[in-house]
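Here is a tutorial dialogue for someone who is meeting this structure for the first time. A learner asks how to read one feature after another, and a teacher replies.

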Amino acid sequence: MVLRVLVALCMALVAAGCRGPVPSDSSPMKGGEILAILGARIYTSPVEEPIGNGAVVMTGGVITAVGARDRVHVPKGASIVDGTGLTITAGFWNTHVHFTEGRWQSAGSRPAAELTEGLRAMLTRWGVVRVVDTGSWLENTLALRRRIESGEIAGPHIMIASGGFVPVGGSPYYVLPARLPELADAGRASTVVDRLLDEPGVDTVKLFTGSWATRESIIVMSVDVVRAAAEAAHRRGKLVLSHPSNTAGALAAIEGGVDVLAHTLR
(Lines give C-alpha, C1' and ligand atoms only; values in the text may rest on other atoms or scores of the structure.)
Protein backbone atom coordinates (compact mmCIF):
# COMPACT_ATOMS: atom_id res chain seq x y z
CA MET A 1 0.00 0.00 0.00
CA VAL A 2 1.30 3.43 -0.88
CA LEU A 3 1.70 5.53 2.26
CA ARG A 4 0.32 9.01 2.23
CA VAL A 5 2.75 11.43 3.75
CA LEU A 6 1.19 14.10 5.93
CA VAL A 7 4.28 16.20 6.37
CA ALA A 8 8.02 15.66 6.62
CA LEU A 9 9.09 17.01 10.00
CA CYS A 10 12.55 17.76 11.30
CA MET A 11 12.76 15.85 14.59
CA ALA A 12 15.20 16.53 17.35
CA LEU A 13 15.27 12.80 18.01
CA VAL A 14 17.48 12.31 14.96
CA ALA A 15 19.23 15.68 15.14
CA ALA A 16 17.86 16.62 11.74
CA GLY A 17 18.37 20.24 12.63
CA CYS A 18 15.84 22.40 10.81
CA ARG A 19 16.83 26.04 11.35
CA GLY A 20 14.41 28.93 11.47
CA PRO A 21 10.62 28.57 11.37
CA VAL A 22 9.32 25.17 10.30
CA PRO A 23 8.74 25.57 6.54
CA SER A 24 5.36 24.71 5.09
CA ASP A 25 2.86 25.94 2.57
CA SER A 26 0.63 27.29 5.36
CA SER A 27 1.03 30.37 7.53
CA PRO A 28 3.82 30.09 10.11
CA MET A 29 2.80 29.25 13.66
CA LYS A 30 2.78 32.07 16.18
CA GLY A 31 5.08 32.04 19.20
CA GLY A 32 2.76 30.33 21.67
CA GLU A 33 0.53 28.40 19.28
CA ILE A 34 0.41 24.65 19.97
CA LEU A 35 -0.32 22.03 17.33
CA ALA A 36 -0.71 18.30 17.96
CA ILE A 37 -0.83 15.64 15.24
CA LEU A 38 -2.36 12.49 16.65
CA GLY A 39 -2.75 8.93 15.41
CA ALA A 40 -0.21 8.92 12.56
CA ARG A 41 2.49 6.33 11.98
CA ILE A 42 5.80 8.05 12.77
CA TYR A 43 9.20 7.14 11.36
CA THR A 44 11.73 8.88 13.62
CA SER A 45 14.77 7.28 12.00
CA PRO A 46 15.63 4.91 9.13
CA VAL A 47 16.99 2.40 11.65
CA GLU A 48 14.22 2.54 14.28
CA GLU A 49 10.87 0.78 14.31
CA PRO A 50 7.99 3.15 13.47
CA ILE A 51 5.58 4.34 16.13
CA GLY A 52 2.26 2.90 15.04
CA ASN A 53 -0.11 5.24 16.86
CA GLY A 54 1.96 8.31 17.45
CA ALA A 55 1.78 11.91 18.54
CA VAL A 56 3.77 14.99 17.61
CA VAL A 57 3.39 18.22 19.57
CA MET A 58 4.74 21.52 18.24
CA THR A 59 4.85 24.87 20.02
CA GLY A 60 5.44 27.92 17.88
CA GLY A 61 6.70 25.74 15.06
CA VAL A 62 9.20 23.86 17.23
CA ILE A 63 8.71 20.15 17.96
CA THR A 64 8.48 19.67 21.73
CA ALA A 65 7.31 16.06 21.99
CA VAL A 66 7.28 12.93 19.84
CA GLY A 67 6.20 9.46 20.89
CA ALA A 68 3.41 6.97 21.34
CA ARG A 69 0.04 8.68 21.59
CA ASP A 70 -0.69 7.32 25.06
CA ARG A 71 2.66 8.59 26.39
CA VAL A 72 2.72 12.13 25.02
CA HIS A 73 1.05 14.95 26.95
CA VAL A 74 -1.04 17.22 24.75
CA PRO A 75 -1.48 20.65 26.39
CA LYS A 76 -4.95 22.07 26.77
CA GLY A 77 -5.94 24.43 24.00
CA ALA A 78 -3.77 22.71 21.38
CA SER A 79 -5.05 22.59 17.82
CA ILE A 80 -5.55 18.91 16.95
CA VAL A 81 -4.86 17.35 13.56
CA ASP A 82 -6.17 13.83 13.03
CA GLY A 83 -3.30 11.83 11.58
CA THR A 84 -5.11 8.49 11.42
CA GLY A 85 -4.01 6.58 8.33
CA LEU A 86 -1.26 9.07 7.56
CA THR A 87 2.52 8.90 7.92
CA ILE A 88 5.02 11.35 9.39
CA THR A 89 8.72 11.02 8.67
CA ALA A 90 11.78 12.62 10.16
CA GLY A 91 13.27 15.34 8.01
CA PHE A 92 15.27 14.31 4.94
CA TRP A 93 18.92 14.96 4.09
CA ASN A 94 20.18 15.95 0.64
CA THR A 95 23.91 15.28 0.57
CA HIS A 96 24.55 16.86 -2.83
CA VAL A 97 23.48 20.43 -3.46
CA HIS A 98 25.09 23.48 -5.05
CA PHE A 99 24.25 27.12 -4.32
CA THR A 100 25.68 28.42 -7.60
CA GLU A 101 22.58 29.70 -9.40
CA GLY A 102 21.96 33.40 -9.68
CA ARG A 103 19.22 33.33 -7.04
CA TRP A 104 21.83 32.46 -4.39
CA GLN A 105 24.35 35.15 -5.26
CA SER A 106 25.02 37.96 -2.75
CA ALA A 107 23.45 35.78 -0.06
CA GLY A 108 24.69 38.12 2.64
CA SER A 109 22.58 41.03 1.39
CA ARG A 110 19.83 39.56 -0.80
CA PRO A 111 16.32 40.07 0.66
CA ALA A 112 15.47 37.39 3.21
CA ALA A 113 12.09 36.70 1.60
CA GLU A 114 13.74 35.88 -1.74
CA LEU A 115 16.18 33.44 -0.17
CA THR A 116 13.50 31.82 1.96
CA GLU A 117 11.33 31.27 -1.10
CA GLY A 118 14.27 29.86 -3.04
CA LEU A 119 15.09 27.43 -0.25
CA ARG A 120 11.44 26.46 0.06
CA ALA A 121 11.10 25.74 -3.66
CA MET A 122 14.33 23.75 -3.84
CA LEU A 123 14.43 21.99 -0.48
CA THR A 124 12.17 22.65 2.47
CA ARG A 125 8.82 22.10 0.73
CA TRP A 126 10.01 18.53 0.12
CA GLY A 127 10.86 17.97 3.78
CA VAL A 128 14.63 18.46 3.37
CA VAL A 129 16.04 19.80 6.64
CA ARG A 130 19.78 19.22 6.21
CA VAL A 131 21.97 19.56 3.12
CA VAL A 132 25.60 19.20 2.15
CA ASP A 133 26.92 21.85 -0.22
CA THR A 134 29.36 19.86 -2.35
CA GLY A 135 30.80 22.78 -4.27
CA SER A 136 29.86 26.48 -4.32
CA TRP A 137 31.48 29.81 -3.44
CA LEU A 138 32.44 29.23 0.21
CA GLU A 139 31.93 32.76 1.51
CA ASN A 140 28.51 33.00 -0.14
CA THR A 141 27.34 29.70 1.34
CA LEU A 142 28.68 30.72 4.75
CA ALA A 143 26.66 33.95 4.54
CA LEU A 144 23.52 32.00 3.66
CA ARG A 145 24.15 29.59 6.52
CA ARG A 146 24.66 32.41 9.02
CA ARG A 147 21.33 34.00 8.12
CA ILE A 148 19.52 30.67 8.47
CA GLU A 149 21.13 29.96 11.83
CA SER A 150 20.20 33.42 13.10
CA GLY A 151 16.53 32.71 12.33
CA GLU A 152 16.32 35.50 9.76
CA ILE A 153 15.73 33.00 6.94
CA ALA A 154 13.76 29.75 7.12
CA GLY A 155 15.90 26.99 5.68
CA PRO A 156 17.74 23.74 6.22
CA HIS A 157 20.90 23.23 8.22
CA ILE A 158 23.76 23.60 5.73
CA MET A 159 26.91 21.52 5.92
CA ILE A 160 29.82 22.42 3.68
CA ALA A 161 31.98 19.84 1.91
CA SER A 162 35.41 21.12 1.02
CA GLY A 163 38.60 19.80 -0.43
CA GLY A 164 37.53 18.52 -3.79
CA PHE A 165 40.66 16.35 -3.62
CA VAL A 166 41.59 14.48 -6.79
CA PRO A 167 44.14 11.80 -7.71
CA VAL A 168 47.34 12.90 -9.43
CA GLY A 169 46.45 14.40 -12.80
CA GLY A 170 42.77 14.10 -11.96
CA SER A 171 41.49 17.66 -12.06
CA PRO A 172 38.16 17.42 -13.92
CA TYR A 173 38.32 18.66 -17.50
CA TYR A 174 35.23 20.81 -16.90
CA VAL A 175 36.98 23.00 -14.29
CA LEU A 176 40.12 23.62 -16.37
CA PRO A 177 42.23 25.70 -16.43
CA ALA A 178 41.61 25.63 -12.67
CA ARG A 179 43.23 22.75 -10.81
CA LEU A 180 41.93 20.94 -7.75
CA PRO A 181 44.29 19.82 -4.95
CA GLU A 182 45.85 16.41 -5.59
CA LEU A 183 46.42 13.60 -3.08
CA ALA A 184 49.55 11.78 -4.19
CA ASP A 185 50.08 9.37 -1.30
CA ALA A 186 48.49 8.14 1.91
CA GLY A 187 50.85 9.99 4.23
CA ARG A 188 50.18 13.35 2.64
CA ALA A 189 46.44 12.65 2.46
CA SER A 190 46.15 12.48 6.23
CA THR A 191 48.09 15.72 6.72
CA VAL A 192 46.19 17.64 4.04
CA VAL A 193 42.78 16.55 5.34
CA ASP A 194 43.71 17.58 8.89
CA ARG A 195 44.80 20.98 7.59
CA LEU A 196 41.56 21.38 5.66
CA LEU A 197 39.41 20.57 8.68
CA ASP A 198 41.19 23.24 10.71
CA GLU A 199 39.58 25.83 8.45
CA PRO A 200 36.41 27.45 9.84
CA GLY A 201 33.12 26.40 8.32
CA VAL A 202 34.23 23.07 6.80
CA ASP A 203 32.06 20.14 7.85
CA THR A 204 32.85 17.32 5.45
CA VAL A 205 35.57 16.23 3.02
CA LYS A 206 34.98 15.60 -0.68
CA LEU A 207 37.12 13.13 -2.63
CA PHE A 208 37.08 12.59 -6.39
CA THR A 209 37.70 8.86 -6.10
CA GLY A 210 37.02 8.73 -9.83
CA SER A 211 37.54 11.91 -11.82
CA TRP A 212 36.89 12.77 -15.47
CA ALA A 213 40.35 14.05 -16.39
CA THR A 214 39.22 14.21 -20.04
CA ARG A 215 35.92 13.60 -21.77
CA GLU A 216 37.07 10.03 -22.46
CA SER A 217 39.11 9.07 -19.40
CA ILE A 218 38.57 8.68 -15.66
CA ILE A 219 41.46 8.61 -13.19
CA VAL A 220 40.77 6.57 -10.04
CA MET A 221 42.18 7.41 -6.62
CA SER A 222 44.06 4.57 -4.91
CA VAL A 223 42.32 2.80 -2.05
CA ASP A 224 45.24 3.54 0.30
CA VAL A 225 44.88 7.26 -0.30
CA VAL A 226 41.10 7.15 0.11
CA ARG A 227 41.44 5.19 3.34
CA ALA A 228 44.03 7.57 4.80
CA ALA A 229 41.87 10.61 3.97
CA ALA A 230 38.73 8.97 5.36
CA GLU A 231 40.42 7.91 8.57
CA ALA A 232 41.80 11.41 9.10
CA ALA A 233 38.32 12.89 8.67
CA HIS A 234 36.66 10.27 10.86
CA ARG A 235 39.11 10.99 13.68
CA ARG A 236 37.67 14.51 13.63
CA GLY A 237 34.09 13.21 13.54
CA LYS A 238 33.57 14.40 9.94
CA LEU A 239 31.83 12.73 7.01
CA VAL A 240 33.59 11.93 3.73
CA LEU A 241 31.80 12.21 0.38
CA SER A 242 32.91 10.64 -2.86
CA HIS A 243 32.50 11.69 -6.49
CA PRO A 244 33.00 8.18 -7.93
CA SER A 245 32.22 8.55 -11.71
CA ASN A 246 32.60 4.83 -12.48
CA THR A 247 32.56 1.40 -10.84
CA ALA A 248 36.27 1.49 -10.02
CA GLY A 249 35.83 4.89 -8.33
CA ALA A 250 32.88 3.57 -6.34
CA LEU A 251 34.85 0.50 -5.21
CA ALA A 252 37.77 2.68 -4.13
CA ALA A 253 35.35 4.80 -2.10
CA ILE A 254 33.63 1.85 -0.47
CA GLU A 255 36.84 -0.04 0.31
CA GLY A 256 38.44 3.16 1.58
CA GLY A 257 35.63 3.88 4.06
CA VAL A 258 33.85 6.82 2.42
CA ASP A 259 30.45 7.62 3.95
CA VAL A 260 28.45 8.96 0.99
CA LEU A 261 28.56 8.43 -2.77
CA ALA A 262 27.52 11.84 -4.06
CA HIS A 263 26.79 10.68 -7.61
CA THR A 264 25.50 7.78 -9.59
CA LEU A 265 28.16 6.21 -11.76
CA ARG A 266 28.88 4.97 -15.23
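Q: How many of the 266 residues of the protein chain, as a percentage, count as buried?

A: Please keep in mind from the start that this is a predicted model. A residue counts as buried when its relative accessible area is under 20%, and in this protein chain 45% of the 266 residues fall into that group.

Q: What does the secondary structure of the protein chain come to?

A: The protein chain has five helices and 14 strands. As for contacts between residues at least 6 apart in sequence, 67% of them join residues at least 24 apart.

Q: In what order do the six strands of the open sheet stand?

A: A general idea helps with reading any sheet: side chains in a regular strand alternate between its two faces. Here the order is β7-β8-β9-β10-β13-β14, and the strands pair in the parallel sense. The edges are held by β7 (92-97) and β14 (260-261), and because each has a single partner strand, one side of each is left without a neighbour in the sheet.

Q: How many bridges pair β10 with β13?

A: Strand β10, residues 204-207, and strand β13, residues 239-242, are paired in the parallel sense over four bridges. To find a place where the two strands face one another, look at T204, which stands opposite L239 in β13.

Q: Which strands does β3 pair with in the antiparallel sense, β2 and β4 being the ones to examine?

A: Both pairings are antiparallel: strand β2 (residues 34-43) is joined to strand β3 (residues 51-59) by seven bridges, while β3 and strand β4 (residues 62-68) pair over six bridges. A55 lets you follow both pairings, since A55 in β3 is the bridge partner of L38 and also stands opposite G67 in β4. Between β3 and β4, which form a hairpin, there are two residues, and G60 in the turn has a positive phi of about 60°.

Q: What span is expected for the 12 residues of α3 at 1.5 Å a residue?

A: The expected span is 16 Å, and the end C-alpha atoms of α3 are 17 Å apart, which agrees. For helix α4 (residues 223-235), which has 13 residues, the reach from the first C-alpha to the last is 18 Å, close to the 18 Å expected.

Q: Which residues of α4 are buried?

A: The general idea is that an α-helix has 3.6 residues a turn, so residues three or four places apart point the same way. In α4 the buried residues are V225, V226, A228, A229, A230, A232 and A233, and they pack against α3 (186-197), β10, β13 and α5 (247-256). In α3 the buried residues are A189, S190, V192, V193, L196 and L197, and their packing partners are β9, β10 and α4. After α4 comes G237, whose phi is positive, near 75°.

Q: Where are S106 and S245 found, and what is the phi of each?

A: The general rule is that most residues other than glycine have a negative phi, and most peptide bonds are trans. S106, although not a glycine, has a positive phi of about 55°, and its place is in the loop between β7 and α1 (112-122). S245 also has a positive phi, of about 70°, and lies in the loop between β13 and α5. At 44% relative accessibility S106 counts as partly exposed, whereas S245, at 7%, counts as buried.

Q: Is the peptide bond from L176 to P177 cis or trans?

A: The peptide bond from L176 to P177 is cis, with omega near 10°, and P177 is found in the loop between β9 and α3.

Q: What is the volume of the second largest pocket?

A: The volume of the second largest pocket is about 490 Å³. It is lined by 23 residues, and the closest to its centre are T134, G135, S136, L180 and K206. Two elements, α2 (138-149) and β9 (157-165), give two or more residues to this lining, and the largest share, five residues, comes from β9. By class, the lining of the second largest pocket has nine nonpolar, 11 polar and three charged residues.

Key:
Residues numbered from 1 in each chain as written. Predicted model: local features only at pLDDT ≥ 70, side-chain atom pairs only at ≥ 80, totals over all residues. Heavy atoms only, no water. Pairing = 2+ DSSP bridges. Expected span 1.5 Å × (residues − 1). Buried < 20%, exposed > 50% of the residue type's maximum accessible area, 1.4 Å probe, protein only. Contact = heavy atoms within 4.5 Å. 1 Å grid on protein atoms, 1.4 Å probe; cavity = no way out; pocket = protein on both sides within 12 Å on 5 of 7 lines; lining within 4 Å. Points joined across faces, edges and corners; volume = space filled by probe spheres on them. Nonpolar A, V, L, I, M, F, W, Y, C, P; charged D, E, K, R; others polar.
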